[in-house]
Amino acid sequence: MTISMDDKESNWEKDFSNLKDTIMQDGAIDNKTKKLLALASAVAVGCDECVSHHKKFARNAGLKDSEIEEAILVASLIRMGSGLRHVD
């Protein structure tokens with residue numbers, strides 16, 4: 001049996017989607033907070049596409065712009081601080 005790249009990609013996408021759904025469910029941390037964490041992580045690693053994606057999800061979850069902006073500011077502080085360690 002031959003498996004095409006499309007089949008492998010499809011399985012990978014399904015597996016990733018299932019993992020994402022499981023992780024993002026309410027647990028010890030509620031879903032809205034997890035959405036802020038995902039957004040902040042995207043900012044901290046500098047992925048513009050991810051930031052846009054997670055901002056949309058945060059808004060769709062009912063998070064206020066002020067909450068989103070504050071999460072972005074905290075993540076930006078972490079990103080900036082990690083660069084400052086290189087200053088002598």
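**Close-up views of a four-helix chain**

**View 1. Helix H3 has the length expected for its residues**. At 1.5 Å a residue, the 13 residues of H3 should span 18 Å, and the end C-alpha atoms of H3 are 19 Å apart, which agrees. The model shown here and in the other views is predicted. Just after H3, Gly62 takes a positive phi of about 95 degrees.

**View 2. The whole chain is made of helices without strands**. There are four helices and zero strands, and the order from the N terminus on is α-α-α-α. The chain has 88 residues, of which 16% count as buried. About 7,000 Å² of the chain is exposed, and carbon and sulfur atoms supply 56% of this area. Among contacts with a separation of 6 or more, 49% join residues 24 or more positions apart.

**View 3. The largest nonpolar core has 11 residues**. Among them are Leu36, Leu39, Val43, Val51, Leu63 and Ile68. Helix H2 (31–45), helix H3 (48–60) and helix H4 (65–84) each supply at least two residues of this core. The largest share, five residues, comes from H2. In soluble globular proteins, nonpolar side chains tend to be buried together.

**View 4. Val43 and its contacts**. Val43 is one of the core residues. Leaving aside neighbours within four places in sequence, Val43 is in contact with Val51, Ile72, Ala75, Ser76 and Arg79.

**View 5. A nonpolar patch lies on the surface**. Trp12, Phe16, Leu19 and Ile23 make this patch of about 460 Å². Phe16 is found in helix H1 (residues 5–23). With a relative accessible area of 47%, Phe16 counts as partly exposed, because this value lies between the 20% limit for buried and the 50% limit for exposed.

How values were computed:
Residues numbered from 1 in each chain as written. Predicted model: local features only at pLDDT ≥ 70, side-chain atom pairs only at ≥ 80, totals over all residues. Heavy atoms only, no water. Patch = residues over 30% accessible without salt bridge, like charges linked within 9 Å, V, L, I, M, F, W, Y side chains within 5 Å. Areas by Shrake-Rupley, 256 points an atom, 1.4 Å probe, with all protein chains shown as cover. Salt bridge = Lys/Arg side-chain N within 4 Å of Asp/Glu carboxyl O. Buried < 20%, exposed > 50% of the residue type's maximum accessible area, 1.4 Å probe, protein only. Core = buried A, V, L, I, M, F, W, Y, C linked by side-chain atoms within 4.5 Å. Contact = heavy atoms within 4.5 Å. Expected span 1.5 Å × (residues − 1).
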